[in-house]
Amino acid sequence: MRTDRRKILAGLGAGVVSSTVPAPWVRGLRAQEASEIPVAIASPMTGVFAFAGIEGTDGANHFAQYLNERGGIAGRKLRLIVEDTGYQVPQAVAVFNRLVAEYKVPLFLGDSTGFQKTINEEVNRRGLLLAGASFASEIDDPQKYPLQYMPGPSYSAQVGMLLKHIAATKKGARIAFVHSDTEFGRDPIAQSEALAKTLGLEQVEKIVTPPGSFDVSSEVLKLRRARPEFTVFHGYVMAPIPEFMKQMKEARIETQFMGTFYSSDLGILQKMGDVADGYLGVNAYNYVNQEGVSGPAMDFIKKANGGKYRTNSYLQPWTNLTLGTEAMRRCIEAGKEMTGANLKAALNTIKDYDMGGVIGVPISVPGNSIGVGRIFRANLKAGKMDPVSDWIKAEA
Amino acid sequence: MSPAILDFVEFSLAGLCVGALYALTGIGFVVVYKATRIINFAIGEFMMMGAYFFFGLAAQAALPNWAAIVLALIAAGTVGGFLERFIFRRLIGESAISVFMVTIGLASIMVGLVEIAWTADPRSLPTFLPDQPFFVPLGSAEAFLASKNGWSFIIVAAIMAAFITVFRFWRGGIALRATAADQAAAYSVGINVPGVFSFAWILGAITAAAAGILVGSISGISSAMGAIGLSVIVVVIVGGLDSLLGALVGGLLIGWLEAMASLYIGGEYKQVATFVILLLVLVVKPYGLFGTHDIERL
Amino acid sequence: MRIGSAKQTYAADEAIFKTNVQRAWFAALALALILFPFIASDYWQLLACLIAINIVAAMGLMILTGFTGLVSLGHAAFMGVGAYTAAYLSNHLALPFWLTIPAGGFVAAAVGAVFGIPSLRVKGLYLALTTIAASFILQSIFFNWTSVTGGARGLTIEPASFFGRALVTPGAIYWIAMPIAALTVWWARNLLRTRVGRAFIAIRDRDISAELLGIELLRYKLMSFALASFYAGMAGALWVYLFRVITPESFRLIESIFFVAAIIVGGLGSVRGAIFGAVFMTLVPELLKIGASDLAPYWPDAVKLLSPVRTIVFGALIVGFLMFEPLGLNEIWQRTRQRFALWPFRT
């Protein structure tokens, strides 16, 4: 009996192994056509950010379709190579090393702030353009990150927009920051605390939550002491924001909840439940289901998705690729080689560019980021986000 | 009523309620260890399983909440019994380390299965606890206690009372204590020891699942929520691996200490504080507050 | 077919290579290892480096858990210590790799010895839990000691340079990683022949008896932790030269579990087991990835399922080996060799 089972297992094992053996020889033999420009994407298609990764991959693929239908990049087709990173930095680094060596891409899209910061030296050495899902303020520095850019305003700029809105709503308001103890969470805090002071706002509390903690009751007790009128969340995608909001309402704390880009997505807010109604979020884009928004890009997106709602994570790579391929086009037309430095210079010539409805105003990329955003209020009963401000320009 | 005392009371209440959940999960762990001497590293994943079963039944199959809870617990118990019968029974006699590693492997398998069925996205559970928070009068001020925390404490207390009754008075509970004390003797008086093993695993799984549903209702569920299992391991070490009372006291104590750390040191250091406590206990009193001292014989 | 071997000296009896046939095979292996980077693709060179690093780390854990019987679930944290040390020394003191890698090992050894102190009071699974606590405490230090470790952001490191040439490709790192892996394998194998190695095994089998025989438990247990952590530290330093990036998330509990799984799957208690285990556990996720991308044209969702399937396979390997083949791949290897050696007789 035991030997039979062993034989079966051995046979299965051999079968599995042999079915994968031919593959390594086949991989990488695909010839690259001269009329194509490859772009590599490290996408977190599995792991904690899988929802963002899958949306992002779709956004990228749809953009490639959109662009190639309109003649590609100066006549050459855009080809995307997407690989999964599981939102782990070492895996992303391995994917980067492998894809950049294999395909010699002029542009690489990364998956996280951690990855983009750590790969910076390598990007500078190899000379290519890098963008991704990160809005980290540190990356918004053309001196330190000469070959990187981001598809929207940095986190500091985003919180800055929220703070300015607060200052315009109520002078000297009491505010509290609630952020996660991660790089993502810590990013805009120092700058934002200083800005709050300049704007005359009173910061009454700052809560730092360890990643993966499940109980927020002690933090809510601190907020009950502090009684902030505006509570700004940052560094979370969903949890523990709904729990904070629920308990703070229970504790009879009268406050307006606000958050940055990632928590401002309608899909996420709907998942949070009724408690998220009235949440103020700052977004870099129009919402796909927003009324009165149109343009060639937005119309294509609405049609390609058959009216299905797509999240912010879908529009991010769309924007990254729009800007990146535009930079490539300008480089080619100027007869320049597509090195990182040339591409960045071309990117910085983008002024008053029309994003086809994805962003409501024409944009420029003088540095590493797009300096506009808009504040929306969650109207969950109607299933949409209502704009409460116009498109705000972040201060340089 | 000085603010400092109010702080202390409020934070203590919050910490005790969290501790109650730790204690409940700890009971699930101790029941298995007591009967079978197996350290179930996958206790956090059992919690996750219970929470996801509830989610699947209540949110996706749209059953009424109470039915979903009962069915989820039954399903969790079935899984526990299944694992005992087909995996752990075959490992009787293997070294403790091997079995421990099997539970680690099981934890991975359970996480993977949950991710395939429900993806790794975090989700919210349907609410089934009342929404009214508790305001405890304290002199001139009121101490605030969030509704979910308060109700969790009450539910855990009820379950605890049921446990104590069962283990004191019911034949099955006595059989389990007998098996825990001396397997050979239990066999010789006619106790169905393999049956006791199954019972222990089923009960442990149900308890962990119940804790998982409560924890999930507080902070949402995700495929990574099994990480709470590590805090539970600290609880049972502090309380004593084979002591139900120890799990209770240890859970409340660790929950309370974490809240105190959050109040006086800062929220970021909660987990580190827990592990420093673990190290201290292991070095000073390795068998915990109430555990039985294992005398090693050659 | 080798039935018995009569030796006339202790040295001959304890020799690692007992016959000329064995020596010939090893020479062939050495040749293959040297020729490998010239014939393999970039992808396989990266895998080879990873395998070499995992062999070093697994060998360390084999000494601690396989030879001395002390279960440790904090091994990856000691790799992290070695990695951060190497990165720090390289960035701040501009030391070359051939100094930072051993330095990483020594610092990790010191830290390992400290965290091994509880092994004197607690045994078995309690010790495993202590090492889990050590893993979390170290990770918290990596996260919070920003001045040295760069905090949540981590550290980047300049590539290793060899006489002015920067070693950036995996193929170049292979020439550092492979010799170090070979050295650690040789040291570990040699350890078994020495007094220290025999003391370790005595502690594993029955530590009370060992103490009665005059083996000082304190000294040898700490030595085991230190030695295992030295290997882990070197593996970590190699890792950081390969990826040139280290963050607090790089070495977590799950990585420690990976190494324990590797030595169990490979076969506890043998040097060969550590090698088999490291190679196997490194290759399985890669094979799964290749399989998923092969299936992708027919079943597009295959790639999305890759991560959970990998998790399940990982767990299933641990459970499966412990249930059906507790002595691991080494045992399978021995059995197969036996069958060939004794053919046409039945085994």
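**Exercise 1.** How many residues of domain 1 of chain A are in contact with residues of domain 2 of chain A? Work from the domain bounds to the make-up of the contact.

*Solution.* The model is a predicted one.

Step 1. Take the bounds: domain 1 of chain A covers 36-153 + 294-365, and domain 2 covers 155-283 + 375-393.

Step 2. Place the two parts. Over C-alpha atoms, the centres of domain 1 and domain 2 of chain A are separated by 28 Å.

Step 3. Read the contact: 13 residues of domain 1 of chain A touch 15 residues of domain 2 of chain A.

Step 4. Sort the domain 1 side by class. The side of domain 1 of chain A that touches domain 2 has five nonpolar, seven polar and one charged residues.

**Exercise 2.** Find whether T231(A) is buried or exposed, and list its contacts outside the local sequence.

*Solution.*

Step 1. Locate the residue: T231(A) belongs to strand β8 of chain A, residues 230-234.

Step 2. Apply the cut-off. A residue counts as buried if 20 or more other C-beta atoms lie within 10 Å of its own. T231(A) has 24 other C-beta atoms within 10 Å, and therefore it is buried.

Step 3. Set aside neighbours within four places in sequence; T231(A) is then in contact with A176(A), V178(A), T255(A), F257(A) and M258(A).

Step 4. Add one distance. E254(A) lies 23 residues from T231(A) in sequence, and their C-alpha atoms are 9.9 Å apart.

**Exercise 3.** Describe the side of chain A that touches chain B.

*Solution.*

Step 1. Count both sides: chain A gives 30 residues to the contact and chain B gives 29.

Step 2. Assign the elements. At least two residues each come from α3 (50-69), β7 (202-209), α10 (217-226) and α11 (241-250) of chain A. The largest share, six residues, is that of α10(A).

Step 3. Sort by class: this side of chain A holds 14 nonpolar, nine polar and seven charged residues.

**Exercise 4.** Analyse the contact between domain 1 and domain 2 of chain C.

*Solution.*

Step 1. The bounds in chain C are 52-251 for domain 1 and 253-347 for domain 2.

Step 2. Their centres, over C-alpha atoms, are 23 Å apart.

Step 3. Domain 1 of chain C puts 21 residues into the contact, and domain 2 puts in 17.

Step 4. On the domain 1 side, α3 (42-67), α4 (75-93), α6 (124-144) and α8 (170-191) of chain C give two or more residues. α3(C) has the largest share, with 10 residues.

Step 5. By class, that side of domain 1 has 14 nonpolar, six polar and one charged residues.

Key:
Residues numbered from 1 in each chain as written. Chains lettered and ligands numbered in written order. Predicted model: local features only at pLDDT ≥ 70, side-chain atom pairs only at ≥ 80, totals over all residues. Contact = placed C-beta atoms within 7 Å. Helix = DSSP H or I, 4+ residues; strand = E, 2+ residues; numbered from the N terminus. Nonpolar A, V, L, I, M, F, W, Y, C, P; charged D, E, K, R; others polar. Domains from an automatic or database assignment. Buried ≥ 20, exposed ≤ 12 C-beta atoms within 10 Å, placed from the backbone.
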